[in-house]
Amino acid sequence: MTTTSPAPEKSPAAAEHPRGRRPPGRRHRQAERLAEAASVGWKLLVVKILILGALNAVAVYAALVLFASDQPLVGGAVVVAGILISWIYFRRGGLPAKYLLPGVAFLLIFQIFMVLYSGYVAFTNYGTGHNSDKDDAVHAIMLQNQERVPDSPTYSLAVAERFGELSFVVTDPAGDVFIGSAEQPLEQVDGAVVDAGRVVDVPGHDVLDFAEVLQRQGEITQLAVPFSEDPNAGMLRTQDAQSAYLYTSRYVYDAEADTMTNSDTGTVYADAGEGAFSSPQGEELMPGWRIHVGLDNFVRAATEPTIRGPLLSVTIWTFAFAFLSVATTFVLGLFLAIVFNDARMRSRKYYRLIMILPYAFPGFLSALVWAGMLNQEFGFVNNVIFGGAQIPWLTDALLAKVSILLVNLWLGFPYMFLVCTGALQAIPDELTEAAQMDGARPFQAFRMIKLPLLLVSLAPLLISAFAFNFNNLTLVYMLTGGGPRDLDAGINVGATDILITLVYKVAFVGADRDYGLASAFAIIIFLLVGTVSVIAFRQTKSLEELN
């Protein structure tokens, strides 16, 4: 009989590592990470480095430009974003973040930023004449009201270029050479080569020859170079690219008093805090600059009669248009779906194919075609169907609204036809048959059984269709342009305008574009659509009880 001695007890570390090895240290772990990184395909690694290098180069360039243009906050955000992207894709692990980052970035840029910026603009006076800051406005006023100084000396001129920017190189009567551009006032330059009183070479610049001057003549004659940092000192301008003369503005800017004085009339224009210099009589000098106006745009929309009235009528028509569009397309689509869902109908698939043809055409193209067909004088409808009658389909306020609804019916019923066909086929026929066996007539069976079940699945689609038509800019703008125009309104609005076309026209159409007011309208639309959608979705919960 043999006896065995008990096995020696293992230490806790040895228990974790059966072979008795010590746990890996920091260097060991680093070596493992390097080995794992090296195991990645070198081609993929090179592509990864090149893409991230390009992104970082773009981020550095953008940050430098933003910092140079006095936008440190945005520039700092670009730097942080570049560091974050590099950290996510160069570190080990974090696979979900690597997949989510592109989507999150696009969400921030194209959704979150756009919404926040639109909200910001709604609280400013951003629009025509108020596009930039105050310094740019002062410069523009001085530039737009210039007159040549009668006794201005003649400056011999050469035109130079550097990185695509044109500069004036002038020789004053004393023989000194100065150089300046639209953004940089004149400053003396050393090392210039002068031949026969005209500069032929400037260090760091390319002096244009005669042919190049002819090619860029328009840019040269439009160029105005500040004489000094003082805007009242005037600017040098030229008409022949050979000689330059001093021009000064009829307005004198007093930086300390923050006023602009007309030297001809003596009228003083002061900054009244409304984004422009104003005279005591209320006359404003344009351009002005962009300022925060608080709730003024919303107050204008609610209280200014020339805006409030058209806005109210447009809002009512928008609701009517969206409701009637959904109702008419749904009724026609459902009717056709019931007809072509009947097994007794022959060649149903061919009829269904014809029914969805309008759905296959681009909406804006169909609207343009219908605009031509409904033309009062030359349209197909008047000339062929109504025998040459002069029916103002698009120029009469009521007929234009009817035309929009009919064209939208033609465009929209195929979609409702498709979704109703699918929903009807999902409802068992046994339910209808059972109801009819209990004595219900076919229409009663449809109204009491099929239709509620149909609405359970179609209610969210009807709500989304309502929201789509609420913002159906393409149809209205391409068919009628929002017209006929309301001449009494204080804004660019017509009888068939809906809210979204009103926003578009206020922001982008016409000489007086008001982005701030348009953004305020956009916020109002968002609140209306959001409220209607929430109420509608809550109401549809009652339909779910049918299941």
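This text leads the reader through one protein chain, from its overall confidence and domains to its pocket, its cavity and some features of its backbone.

The structure is a predicted model, so it is sensible to begin with the predictor's confidence, pLDDT, which runs from 0 to 100. The mean pLDDT of the protein chain is 85, and 92% of the residues reach 70 or more. The beginning of the chain stands apart from this picture: over residues 1–19 the pLDDT is below 50. Beyond near neighbours in sequence, this stretch makes four contacts in the model. Where pLDDT is low, the predicted coordinates should not be read in detail.

The chain is divided into three parts, namely domain 1 (41–122), domain 2 (134–289) and domain 3 (303–545). Between the C-alpha centres of domain 2 and domain 3 there is a distance of 56 Å. An unreviewed UniProt entry lists residues 315–536 as "domain: ABC transmembrane type-1". Across residues 315–536 the model shows 73% helix and 0% strand, and the C-alpha atoms at the two ends of this range are 18 Å apart.

The next topic is open space in the model. The largest pocket holds about 1,600 Å³ of space. It is lined by 41 residues, and those closest to its centre are Leu55, Ala81, Ile85, Tyr89 and Leu101. Four elements each give two or more residues to this lining: helix H2 (26–38), helix H3 (42–68), helix H4 (72–90) and helix H5 (95–121). Helix H5 gives the most, with 14 residues. When the lining of the largest pocket is sorted by class, 31 residues are nonpolar, five are polar and five are charged.

Enclosed space is a separate matter. The structure holds one cavity of 30 Å³ or more, and the space in the largest cavity is about 30 Å³. Its lining consists of Met142, Gln146, Pro231, Gly234, Met235, Tyr247, Thr248 and Ser249. Strand E11 (residues 243–249) gives the most to this lining, with three residues. Four of the residues that line the largest cavity are nonpolar and four are polar, while none is charged.

Finally, the backbone deserves attention. Most residues other than glycine have a negative phi, and most peptide bonds are trans. Against this background, three places in the chain may be examined. Phe163 has a positive phi of about 55° although it is not a glycine. Phe163 belongs to the loop that joins strand E2 (155–162) and strand E3 (165–171). Further along, the peptide bond from Met286 to Pro287 is cis, with omega near 5°. The position of Pro287 is in the loop between strand E16 (284–285) and helix H9 (296–303). A cis peptide bond also leads from Gly483 to Pro484, again with omega near 5°. Here the setting is a loop between two helices, since Pro484 lies between helix H18 (473–479) and helix H19 (499–508).

Technical notes: Residues numbered from 1 in each chain as written. Predicted model: local features only at pLDDT ≥ 70, side-chain atom pairs only at ≥ 80, totals over all residues. Heavy atoms only, no water. 1 Å grid on protein atoms, 1.4 Å probe; cavity = no way out; pocket = protein on both sides within 12 Å on 5 of 7 lines; lining within 4 Å. Points joined across faces, edges and corners; volume = space filled by probe spheres on them. Nonpolar A, V, L, I, M, F, W, Y, C, P; charged D, E, K, R; others polar. UniProt positions renumbered as here; feature names shortened; annotations may be inferred. Domains from an automatic or database assignment. Contact = heavy atoms within 4.5 Å.
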